[in-house]
Amino acid sequence: MTAIPQTPREERHWLEQRAQVRGLFFSKWDPIGVRGLAPADEHNAFADQALAMARNGSSETEIVDFLQWVRETHMGLGPSPDTEPERRIVGEIKKILNGD
């Protein structure tokens with residue numbers, strides 16, 4: 001499956017999944033503690049990239065690595081041995097893609 005929808009039906013489905021994944025990031029992934037302080041779209045770019053990676057067949061490890069890069073480098077939080085928050089998010093993304 002490609003990250004870019006090819007038909008109006010695929011586009012609607014993609015937009016629904018994107019909204020779910022964006023909501024997931026807003027409500028459950030908050031590495032810098034801005035929930036309630038930052039706009040709801042604070043993590044949209046990261047959510048969209050993680051969703052595209054999952055839709056294009058990236059492995060859990062690849063998506064976790066991307067989210068760790070976001071947390072450690074882009075957000076400037078430095079290395080962390082705990083990848084469980086990112087693994088939970090990837091698991092939730094897969095559930096959304098599977099329609100669970």
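Confidence first: this is a predicted model, and the mean pLDDT of the protein chain is 88, with 97% of its residues at 70 or more. Going element by element, the lowest mean pLDDT, 91, belongs to helix H1 (residues 8-28), while helix H4 (residues 84-98) has the highest, at 95. A general caution still applies: where pLDDT is low, don't read the predicted coordinates in detail.

Now for the fold itself. You'll find 4 helices and 0 strands in the protein chain, so walking from the N terminus you simply pass α-α-α-α. The protein chain is as compact as a globular protein of its length, because its radius of gyration is 13 Å, close to the 13 Å that the globule rule gives for 100 residues. If you'd like a box around the C-alpha atoms, roughly 40 × 30 × 25 Å along the principal axes will do.

How do the residues pack within that box? Take contacts between residues at least 6 apart in sequence: 57% of them join residues at least 24 apart. As for burial, 34% of the 100 residues count as buried, where buried means under 20% relative accessible area.

That brings us to the outside. The protein chain has an accessible surface of about 6,000 Å², and carbon and sulfur atoms account for 52% of that area. On the charge side, there are 12 positive and 16 negative charges in the protein chain. Average the positions of each set, and the two mean positions end up 5 Å apart.

Notes: Residues numbered from 1 in each chain as written. Predicted model: local features only at pLDDT ≥ 70, side-chain atom pairs only at ≥ 80, totals over all residues. Heavy atoms only, no water. Helix = DSSP H or I, 4+ residues; strand = E, 2+ residues; numbered from the N terminus. Rg over C-alpha atoms; globule rule 2.2 N^0.38 Å. Buried < 20%, exposed > 50% of the residue type's maximum accessible area, 1.4 Å probe, protein only. Contact = heavy atoms within 4.5 Å. Areas by Shrake-Rupley, 256 points an atom, 1.4 Å probe, with all protein chains shown as cover. Lys, Arg positive; Asp, Glu negative; His and termini not counted. Charge placed at Lys NZ, Arg CZ, Asp CG, Glu CD. pLDDT = per-residue confidence, 0-100.
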